[in-house]
Amino acid sequence: MKKLIILLVFILPVYAWAGGKEVRKMTKNIHWLGHDTFKIVGEKTIYTDPFKLRKKDKADIILITHEHYDHCSPEDVEKIQGPDTVIVATPDCAGKLSGNVKTVKPGDKINISGIDIEAVPSYNTNKPFHPRHNNWVGYIFTVEGQRIYIAGDTDYIPEMKDFKCDIALLPVSGTYVMTAEEAVKAALDIKPKVAIPMHYGSIVGSKKDAEKFADALKGKIEVIILKEEG
Ligand SMILES: [Zn+2]
């Protein structure tokens, strides 16, 4: 019994803290370049939905969630695409791109250059812009042992309960995607160690949406509002 108490009181919190530390370390390698564009640096350099990039770079992997122009942007892909870059995209977006492009649908699991990537459902439930039958996706991928989820343009959907991730990148702007309030529900279902709001400040939504999201999750889930980088 005493051993159990020692385990519960001393060892488990240290274990949780160490786990949290790893996640926090990873968040420092997640750079928000606006909208749904992230540069994530780990074993590989991964970009998500490159849009309005201000700098040229070299991506190892580019993940694209669907073919809307603010997610699937051939001119932005070109800025970070080298001969060895692998792009993972939905078929309707892949048709606009060239190079090494792998297509996915929800439920697919692939490994690209040692990075595990799962395509998960991403769709609207209370608006028409991203119908479920389009088979557009979000991604859960593992970098430095941390599972990172980028949601794409989605509403709060029942599948989220089954998503397992350490860091969740969630849209909060409303209009085409979840509102901040709906994103709070999503975060509570997904239970990431850290949630990072996105999809604001560019086409729709503002930092206020991100702050609303963070305030509502205070004491429940750690929210990091990233500063937009160039
Ligand atoms: Zn869209």
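User: In this predicted model, which residue stands opposite Val88 in β5?

Analyst: The general idea is that strands of a sheet pair through backbone hydrogen bonds, in either a parallel or an antiparallel sense. In this predicted model, Leu63 is the residue opposite Val88 of β5. The strands concerned are β4 (residues 61-63) and β5, which are paired in the parallel sense over three bridges.

User: Which way do the residues of strand β5 point, and are they buried or exposed?

Analyst: Side chains of a regular strand alternate between the two faces of the sheet. In β5 (residues 86-89), Val86 and Val88 point one way, while Ile87 and Ala89 point the other way. All four are buried.

User: In what order do the six strands of the open sheet lie?

Analyst: The order is β1-β2-β3-β4-β5-β6, and the pairing is mixed. The edges are occupied by β1 (30-32) and β6 (100-103); each has a single partner strand, so one side of each lacks a neighbour in the sheet. On average, neighbouring strands here are turned by 20 degrees against each other, direction ignored.

User: How many bridges join β1 to β2?

Analyst: Three bridges connect β1 with β2 (residues 38-41), and the two strands run antiparallel. One pair can be located by name: His31 has Lys39 in β2 as its bridge partner.

User: What is the strand order in the open sheet of seven strands?

Analyst: That sheet is ordered β7-β8-β9-β10-β11-β12-β13, again with mixed pairing. Its edge strands are β7 (109-112) and β13 (222-223), each with a single partner strand, so each has one side without a neighbour in the sheet. Within the sheet, β11 (residues 167-171) and β12 (residues 194-198) pair in the parallel sense over five bridges, and Pro171 has Met198 in β12 as its bridge partner. Helix α4 packs on this sheet and touches β11 and β12. The direction of α4 makes about 160 degrees with that of β11.

User: At what angle do helices α4 and α5 pack, and how far apart are their axes?

Analyst: Helix α4 (residues 180-190) packs against helix α5 (residues 207-217) at about 40 degrees, with the axes 9 Å apart. The pair is therefore oblique, and the crossing is right-handed.

User: Which residues of α4 and α5 meet?

Analyst: From α4 come Ala180, Ala183, Val184 and Ala187; from α5 come Asp209, Lys212, Phe213, Ala216 and Leu217. By class, the contact comprises seven nonpolar residues, two charged and no polar.

Definitions and conventions:
Residues numbered from 1 in each chain as written. Predicted model: local features only at pLDDT ≥ 70, side-chain atom pairs only at ≥ 80, totals over all residues. Pairing = 2+ DSSP bridges. Axes fitted to C-alpha atoms, helices over the stretch in contact; angles between N-to-C directions. Parallel < 35°, antiparallel > 145°, perpendicular 65-115°, else oblique. Left-handed = near helix turned anticlockwise from the far one by under 90°. Contact = placed C-beta atoms within 7 Å. Nonpolar A, V, L, I, M, F, W, Y, C, P; charged D, E, K, R; others polar. Buried ≥ 20, exposed ≤ 12 C-beta atoms within 10 Å, placed from the backbone.
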